Amino acid sequence: QVQLVESGGGLVQPGGSLRLSCVASRRSFSILGLGWFRQAPGKEREKVATIRWSGETTYHADSVKGRFTISRDNAKNTVYLQMNSLKVEDTAVYYCAASHSWPLDAVDYWGQGTQVTVSS
């Protein structure tokens with residue numbers, strides 16, 4: 001079992017930046033992928049960005065390419081989501097996810113979520 005704990009959400013103005021962090025309770029070599037999903041009110045949860053726990057392979061949704069960057073620090077069991085040039089439509093609850101599979105389509109572990117609100 002792996003627990004995921006997110007932090008870093010908050011209120012930011014359009015055009016601003018935030019960095020989300022997700023700490024995994026332990027390093028499991030059966031976990032192949034980590035990632036971030038988001039869910040806005042009234043909408044389905046969507047995949048934002050994913051990264052392999054080993055190697056450099058990443059995925060970013062078209063809606064965030066060029067603005068968001070996923071990265072990880074293996075020594076800290078932590079995955080990050082750097083969010084720049086934030087837009088009102090980025091407002092959502094952001095969830096950290098981990099999977100035993102790659103690509104990260106089937107999520108095995110979820111974090112509790114952190115709210116990101118982009119508003120003037």
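## Strand pairing in the model

Two strands count as paired if DSSP finds at least two bridges between them. This is a predicted model. By that criterion, strand E4 pairs with strand E5 (residues 46–52) through six bridges, and the two run antiparallel.

## Strand E4 and its partners

E4 spans residues 33–39. Six of its seven residues are buried, so the rest of the structure largely encloses this strand. The cut-off for buried is under 20% relative accessible area.

E4 has E5 as one partner, and Gly-33 is bridged there to Arg-52. The two strands form a hairpin, with six residues between them. In that turn, Gly-42 has a positive phi of about 80 degrees. E4 also pairs with strand E9 (residues 92–99). Seven bridges join them, again in the antiparallel sense. Within this pairing, Trp-36 is set opposite Cys-96 of E9.

## Strand E8 and its partners

Strand E8 covers residues 78–83. Five of its six residues are buried, so E8 too is largely enclosed by the rest of the structure.

Strand E3 (residues 18–24) runs antiparallel to E8, with six bridges between them. Here Val-23 faces Thr-78 of E8 as its opposite residue. Strand E7 (residues 68–73) is likewise antiparallel to E8 and joined to it by six bridges. Phe-68 stands opposite Met-83 in that pairing. E7 and E8 form a hairpin, with four residues between the strands. Asn-77, in the turn, has a positive phi of about 50 degrees.

Note on methods: Residues numbered from 1 in each chain as written. Predicted model: local features only at pLDDT ≥ 70, side-chain atom pairs only at ≥ 80, totals over all residues. Heavy atoms only, no water. Buried < 20%, exposed > 50% of the residue type's maximum accessible area, 1.4 Å probe, protein only.
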